[in-house]
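Student: I am new to this structure and should like to understand the terms applied to it. May I ask for the reasoning behind each one?

Tutor: Certainly; let us look at the structure together.

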Amino acid sequence: MSLGRRILQFGAAAAADIFYLVVAGGGGGAGAIGGAGGGAGGYRNSFGTESSGANSTTETPLQFSSGTTYTITVGGAGANSSSGNGTNGVDSSISGADISTITSLGGGGGTGNGQLAPNGGSGGGAAHGSFSPGAGTANQGSDGGNGSGGSGNRSSGGGGGAGSAGGAAIRNVRGGLGGAGLPSSITGSSVNRSGGGGGSSHINTVATGGIGGGGNGAFSSTNATSGTTNTGGGGGAGSQLASSASGGSGIVILRMPTSDYTGTTSGSPTVTTDGTDTILKFNGSGSYTH
């Protein structure tokens, strides 16, 4: 299905809309006592009437000029930490000489005990104790979740997702769940991306990562899992007894009428069609010349 061209006054056809989905790399989970889950990579979407990050309004499609090369940058995953904050994910973007750059910010790393949680596309979760979670970025993602307070089991908050905030830890029960991502059908079928990483707990109950590639948090002596590659999912949190995990890398997707597609690319994107449209899926950085 093509969403068509814009029509100028008197019936002249304008340039075709170029729809995009830009997802940044997810933040890494934190380790040590009460480490928290990583936030999902920022999520910006202009396809159809689908939501952009933090359930915001669909963004405006781009207009590409003939002969112009557009640079696609796909952000890498944030690294996990064994003793402090996880690393923020890396930004993803679309840039060109005649457009305003579309940038999604890397997800905030989960926070280690006694440290401030990083902000990002979606914010990292908060560690055990009275620490604030990281904040998400407007129109890209949500805040991380709170850690548990008081004595007893030291459970941490989940990382924020594109669709919802990270869950708060429940003391002596489990870590906070990762925030949910968002679905998009820009490729022709619905796929969820940008889920937050789960928090950690010493209790034998898993805090699952958010739908959309978020990694599970560590529990008891079971290690956390990483965010899924090319979803921007946040990494799961570690604990005193089990390891944290890295985030997932991002992705950039373009969709345009097949009649306008030139076939000139770099970086080996996956090229498919859906109805009268061509879709370019960049799992790594590259370019497209219109």
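Tutor: Two strands are said to pair if DSSP finds at least two bridges between them. Please note that this is a predicted model. In it, five strands form an open sheet in the order β7-β6-β5-β14-β11, with antiparallel pairing.

Student: What makes β11 and β14 a pair?

Tutor: Three bridges join β11 to β14, residues 286–289. The definition asks for at least two bridges, so β11 and β14 count as paired. The two strands run antiparallel. As one of the bridge partners, Ser266 is matched with Ser287 in β14.

Student: Why are β7 and β11 called edge strands?

Tutor: Strand β7 (102–104) and strand β11 (264–266) each pair on one side only. As for the angle within this sheet, neighbouring strands are turned by 10° against each other on average, direction ignored.

Student: How do you know that Arg44 and Glu59 form a salt bridge?

Tutor: The side chains of Arg44 and Glu59 meet at 2.8 Å, N to O. The cut-off is 4 Å between a side-chain nitrogen of Lys or Arg and a carboxyl oxygen of Asp or Glu, so the contact qualifies. This pair links distant parts of the chain: Arg44 belongs to strand β3 (residues 43–45), while Glu59 is in the loop between β3 and β4 (62–63), 15 residues apart. Both Arg44 and Glu59 are buried.

Student: How many salt bridges are found in the whole structure?

Tutor: The search finds three. Arg255 forms one with Asp274, where the closest N and O atoms are 2.9 Å apart. Here Arg255 in strand β10 (residues 251–257) is linked to Asp274 in strand β12 (residues 270–274), 19 residues apart. Arg255 also meets Asp277 in a salt bridge, at 2.9 Å from N to O. Asp277 lies in strand β13 (residues 277–282), so this pair ties together parts that are 22 residues apart in sequence.

Student: What makes Arg255, Asp274 and Asp277 a network?

Tutor: Arg255 forms a salt bridge with Asp274 and another with Asp277. The three residues are thus linked in a network of salt bridges.

Student: Why is Arg255 called buried, and Asp274 partly exposed?

Tutor: Arg255 has a relative accessible area of 1%. Buried means under 20%, so Arg255 is buried. Asp274 stands at 23%. That value lies between 20% and the 50% above which a residue is exposed, so Asp274 counts as partly exposed. Asp277, like Arg255, is buried.

Conventions:
Residues numbered from 1 in each chain as written. Predicted model: local features only at pLDDT ≥ 70, side-chain atom pairs only at ≥ 80, totals over all residues. Heavy atoms only, no water. Helix = DSSP H or I, 4+ residues; strand = E, 2+ residues; numbered from the N terminus. Buried < 20%, exposed > 50% of the residue type's maximum accessible area, 1.4 Å probe, protein only. Axes fitted to C-alpha atoms, helices over the stretch in contact; angles between N-to-C directions.
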